[in-house]
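Notebook open, structure loaded. I want to go through the cores, the charged pairs and a few single residues.

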Amino acid sequence: PQTISNMTQVLSNQVEAFHKRPIDSRYVCLYLDATYLALRRDSVSKEALHMIVGINAEGIKEVLDYRLYPTESSENYKEMLLDLKERGLEEVLLFVSDGLTGLRDACLEVYPQAKHQCCWVHIARRIGHLVRAKDKGMIMADLKLIYQSDNRQSAIEAAEAFIVKYQSLYPKVIRILQENQSLYSFYDFPISIQRSLYTTNLIESLNKQLKRYTKKKEQFPNEASLERFVCSLFIEWNHRYLDRIHKGFALSVNELNTLFENQIHDEI
């Protein structure tokens with residue numbers, strides 16, 4: 001029992017250190033997402049584990065923080081971002097997330113010089129649910145012409161053609177595109193990293209790993225137990241990618257540094 005108690009205390013100290021550790025001042029992009037895990041309080045219920053993963057100016061990816069809340073909300077992410085700011089995060093070029101209501105505004109309220117990109121996979125998935133099966137293949141192909149264009153202008157032209165083509169058939173689909181303010185932000189970045197910026201695939205992949213490991217647990221007996229388990233996984237994940245430059249970032253160092261300098265100049 002004493003050995004188990006000592007190990008638990010070590011892991012609890014590890015959790016506290018993870019949440020308080022200083023982080024880099026500059027991150028090219030932050031990915032935000034949540035996944036639901038079963039937790040027992042008075043009864044068993046699923047709660048939202050919010051995660052923020054960043055890629056810094058050198059192209060190294062890292063889980064910056066995670067927090068458990070009853071449900072996912074933009075205010076929760078805002079609280080986490082404010083905490084990251086206190087821990088040293090000064091500049092962010094881009095936030096990448098799904099279409100959670102209010103999340104774009106929450107991110108830009110904390111970092112007003114940054115940009116936001118809505119995940120195109122989530123957009124495509126949402127549109128796919130609104131169209132007939134016989135039209136789905138054609139519509140998805142036309143949609144790809146928007147987010148796989150060579151540049152922003154070509155993407156805008158593809159979007160305009162898409163709107164003309166489907167306006168009368170699927171007005172709800174068209175509204176998704178017209179009302180979204182974060183469709184083309186990734187085009188403002190070096191072409192070598194654009195494919196990493198128009199979806200939340202990076203953090204979705206981490207979510208799948210987390211689900212695979214936590215599935216064996218079925219449920220966590222308390223919040224502290226969940227914290228210790230998740231924190232250990234994230235520390236291991238960060239260590240695994242500590243010396244690995246994310247795809248395309250080695251080719252874009254100079255361009256990214258220029259974007260950071262321009263952001264500082266615009267702020268001044």
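Before I look at cores, a working definition: a nonpolar core is a set of buried Ala, Val, Leu, Ile, Met, Phe, Trp, Tyr and Cys residues joined through side-chain atoms within 4.5 Å. Also for the record, this is a predicted model.

**Entry: cores.** Which residues touch the most other members of the largest nonpolar core? I get Leu49, Trp120, Ile127, Leu143, Ile146 and Phe234, out of 63 residues in that core. Another core lies apart from the largest one; it has 22 residues, and Leu32, Phe95, Leu103 and Val110 are among them.

I picked leucine 49 for a contact list, leaving aside its neighbours within four places in sequence. Its partners include Asp33, Ala34, Thr35 and Leu37, then Tyr66, Arg67 and Leu68, and further along Leu210, Leu226, Val230 and Phe234. Arg67 on that list comes back in the next entry.

**Entry: salt bridges.** How many salt bridges does a search of the whole structure find? My count is 17. I followed up some of them.

Arginine 87 and aspartate 65 meet through their side chains, with N to O at 3.3 Å. Arginine 87 sits in the loop between α2 (74–86) and β4 (91–97), while aspartate 65 is in strand β3 (residues 61–69), so I am looking at a link between distant parts of the chain, 22 residues apart. Both arginine 87 and aspartate 65 are buried.

Next pair: arginine 67 forms a salt bridge with aspartate 83, and their closest N and O atoms are 3.5 Å apart. Here strand β3 supplies arginine 67 and helix α2 supplies aspartate 83, with the two positions 16 residues apart along the chain. Is arginine 67 buried or partly exposed? I note it as partly exposed, because its relative accessibility is 26% and buried means under 20%.

Putting these together, Asp65, Arg67, Asp83 and Arg87 are linked in a network of salt bridges.

**Entry: α5 against α6.** Aspartate 142 and lysine 165 form a salt bridge too, with the closest N and O atoms 2.9 Å apart. Aspartate 142 lies in helix α5 and lysine 165 in helix α6 (residues 152–166), so this pair ties together parts that are 23 residues apart in sequence. Aspartate 142 counts as buried at 17% relative accessibility, whereas lysine 165 is partly exposed at 43%.

I then checked how the helices themselves pack. The angle between α5 and α6 is about 155 degrees, and their axes are 7 Å apart. Why do I call α5 roughly antiparallel to α6? Because angles over 145 degrees count as roughly antiparallel, and this one is about 155 degrees.

On the α5 side, the contact is made by Met138, Ile139, Asp142, Leu143, Leu145 and Ile146. On the α6 side I find Ala155, Ala158, Ala159, Phe162, Lys165 and Tyr166. Both members of the Asp142 and Lys165 salt bridge appear in this contact, and Leu143 and Ile146 turned up earlier among the core residues that touch the most other members.

**Entry: two single residues.** Aspartate 135 is also in helix α5 (residues 133–147). I log aspartate 135 as buried, with a relative accessible area of 11%. Its side chain makes a polar contact of 2.6 Å with the side chain of tyrosine 170.

Arginine 104 lies in helix α3 (residues 103–110) and is partly exposed, with a relative accessible area of 25%. What does arginine 104 touch, not counting residues up to four places away in sequence? I find His116, Gln181 and Ser182. With serine 182 there is a side-chain to side-chain polar contact of 3.1 Å.

Conventions
Residues are numbered from 1 along each chain as its sequence is written. This is a predicted model: local features need pLDDT of at least 70, side-chain atom pairs count only at pLDDT 80 or more; totals for chains, interfaces and linings use all residues. Side-chain values use heavy atoms; hydrogens and water are left out. Helices (H or I, at least four residues) and strands (E, at least two) are DSSP runs, numbered from the N terminus. Buried means under 20% relative accessible area, exposed over 50%, partly exposed in between (1.4 Å probe, protein chains only). A polar contact is a pair of N or O atoms within 3.5 Å; within protein, one must be able to donate a hydrogen and the other to accept it, and residues adjacent in sequence count only if both atoms are side-chain atoms. Contact means heavy atoms within 4.5 Å. A salt bridge is a side-chain nitrogen of Lys or Arg within 4 Å of a carboxyl oxygen of Asp or Glu. Axes are lines fitted to C-alpha atoms, for helices over the stretch in contact, and angles run from 0 to 180 degrees between N-to-C directions.
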